[in-house]
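Got your viewer open? Here is a tour with one selection at a time, and a word on what to look for at each stop.

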Amino acid sequence: MDFDGLVRVDVGLKEHGYPIYIGTDFLTRVGEMMKPFARSSKVFVITDNLVGALYLPMVKTSLEQAGFTVFDLVVPQGEASKSFDRAKELLERVLKTGCDRQSVVVALGGGVVGDLAGFCASLLLRGVDFIQIPTTLLAQTDSSVGGKTAVNTAVGKNLVGTFHQPKAVFIDVSTLKTLDPQQILAGFAEVVKYGLALNADFWNWLVDNGESVLVLDDTVLSYAVEQCCRIKTAVVEADEFEETGLRALLNYGHTIGHAIESVSGLRGSILHGEAVAIGSVLAAYLSADLGLCDAGLPDAVAQQYEKWGLPTRFDALKVSELMTAMHRDKKTTGSHLNFVLLEGIGSGVLVHDIEPNAVIKVLNEKGRKKNDFSYY
Ligand SMILES: NC(=O)c1ccc[n+]([C@@H]2O[C@H](COP(=O)([O-])OP(=O)(O)OC[C@H]3O[C@@H](n4cnc5c(N)ncnc54)[C@H](O)[C@@H]3O)[C@@H](O)[C@H]2O)c1
């Protein structure tokens, strides 16, 4: 099905294929658009307090005008809402309201709401239909596509979750106009990741157009979101359950990024995308050190990141703590580390069994800021 003025990207999975619609200023008619994807008129919209204040009235009115009965569930904004406790509370509220196998759960918000709502949808009555309306750059280009859901535990982020593909994804890029610029930049780090690790043409396009994406030029922004969805879709189609190593390429920059996030979490805050930006640059240096790519590539990548305003180094973090965090991460095996590295721009490759000393060298020489005296 097509809708006027919206681009459609199809996720062609064997059993659970679905369309992604991308456009501007269409939330007032999202109710009508959702009709073909809903088997019941009962809809549970999960959102957070910030997004709810901005977009819930518009979405709810649109759904009600299209004949849906809408129940809204608002969680506090922020990563802390991605918890078992919050999921339990939502599940019980939905069940008390009266949910059946045909009911639909809609996620309206960023990646936190998407992961949490998807997790709940996958568990309710062993799985009910799920629709995503992502509202952050990260969610529109990454987390709303591919069917991964999660909550966090005390042991680590995203260690408990399910695969539950949505029935449809509705991406209105106009919603990004109300997003904090720091969040835009953090989401942009994931956009850039697609070019750097998976698609050289997209990287080159971003070198020319990245600044227009960052100021949210509608046309350029829509094109960037579409390309990210297309690149991620191709990867998910080929490796839905992360079995062949292809889907792991989407984690470029995340091994060091997750470590920076978890160690920084104790001292102050760094956004996920900011940590991924630093991790992406450092993974390029590691690639060159291991002889996988040209020696000049990492400096060129770092300069480009700096031009966009993305961070490339961490501040006052102990390398030993970063190494401990990397070893705790679910993507490591034994004492050696697994990394997505670069053979060139757009050519990511999953490499196993990397010597910790090679990583320590890069963290010390390229990761720390020049005046950082935090000890190893
Ligand atoms: N499932 C996946 O495949 C996948 C992939 C990448 C990341 N993630 C997860 O995504 C989460 C991060 O998502 P995020 O960066 O979107 O964070 P988020 O959902 O916390 O949103 C960031 C902030 O922006 C606010 N916000 C959202 N949309 C807004 C809008 N349009 N206008 C104004 N404010 C708005 C939110 O209330 C929140 O305060 C992490 O938990 C991460 O693990 C999941």
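**Stop 1: a pair of strands**

Select strand S5 (residues 104-109) together with S6: the two run parallel and are joined by 6 bridges. Keep in mind as you go that this is a predicted model. For a landmark in the pairing, click on glycine 109, which sits opposite proline 134 in S6. Now follow the chain from S5 through H4 to S6, and you'll trace a right-handed β-α-β crossover.

Stay with strand S6 (residues 129-134) and turn on its side chains. Is S6 enclosed by the rest of the structure or not? It is largely enclosed, because 6 of its 6 residues are buried. Asp129, Ile131 and Ile133 point one way from S6, while Phe130, Gln132 and Pro134 point the other way.

**Stop 2: on to S9**

Next, add strand S9 (residues 168-172), which pairs with S6 in the parallel sense over 2 bridges. Here isoleucine 131 has alanine 168 of S9 as its bridge partner.

S9 also pairs with S2, again in the parallel sense, this time over 4 bridges. To find that pairing, pick isoleucine 20 and look across to valine 169, its bridge partner in S9.

What about burial? 5 of the 5 residues of S9 are buried, so the strand is largely enclosed by the rest of the structure. Show the side chains and you'll see Ala168, Phe170 and Asp172 pointing one way, with Val169 and Ile171 pointing the other.

**Stop 3: the ligand**

Now centre on the ligand and bring up what lies around it. Which residues are the closest to the ligand? They are Gly110, Gly111, Val112, Thr136 and Ser143, out of 30 residues that surround the ligand.

Color the shell by element: helix H2 (49-65), helix H4 (111-123), H5 and S8 each supply at least two residues. Then recolor the shell by class, and you get 9 nonpolar, 14 polar and 7 charged residues.

**Stop 4: where the two domains touch**

Zoom out and color by domain, using 7-179 for domain 1 and 192-367 for domain 2, as the domain assignment of the chain has them. Their C-alpha centres are 27 Å apart. The contact draws on 21 residues from domain 1 and 18 residues from domain 2.

Which elements should you pick on the domain 1 side? Those giving two or more residues there are strand S1 (7-11), strand S2 (18-23), helix H5 (137-143) and strand S8 (156-163). H5 gives the most, with 4 residues. Color this side by class and you'll count 13 nonpolar, 6 polar and 2 charged residues.

**Stop 5: a buried helix**

Jump to helix H9 (residues 254-264). It is largely enclosed by the rest of the structure, because 10 of its 11 residues are buried. To see them, select His254, Thr255, Ile256, Gly257, His258, Ala259, Ile260, Glu261, Val263 and Ser264. Then show helix H10 (272-289), helix H12 (319-328) and strand S10 (337-344), which the buried residues of H9 pack against.

From there, move along to alanine 277 in helix H10. Why does alanine 277 count as buried? It has 28 other C-beta atoms within 10 Å, and the cut-off for buried is 20 or more.

Leaving aside residues up to four places away in sequence, alanine 277 touches Ala189, Tyr305, Leu310, Pro311 and Thr312. Try the distance tool on one of these: alanine 277 and proline 311 are 34 residues apart in sequence, and their C-alpha atoms are 6.2 Å apart in space.

**Stop 6: an exposed histidine**

Finish at histidine 352, in strand S11 (residues 347-354). Buried or exposed, would you say, for histidine 352? It counts as exposed, because it has 11 C-beta neighbours inside 10 Å, and exposed means 12 or fewer.

For a last distance, draw a line from histidine 352 to phenylalanine 44. The two are 308 residues apart along the chain, and their C-alpha atoms are separated by 43 Å.

Definitions and conventions. Residues numbered from 1 in each chain as written. Predicted model: local features only at pLDDT ≥ 70, side-chain atom pairs only at ≥ 80, totals over all residues. Domains from an automatic or database assignment. Contact = placed C-beta atoms within 7 Å. Nonpolar A, V, L, I, M, F, W, Y, C, P; charged D, E, K, R; others polar. Near = placed C-beta within 6 Å. Pairing = 2+ DSSP bridges. Right-handed = clockwise from strand over helix to strand, strands pointing away.
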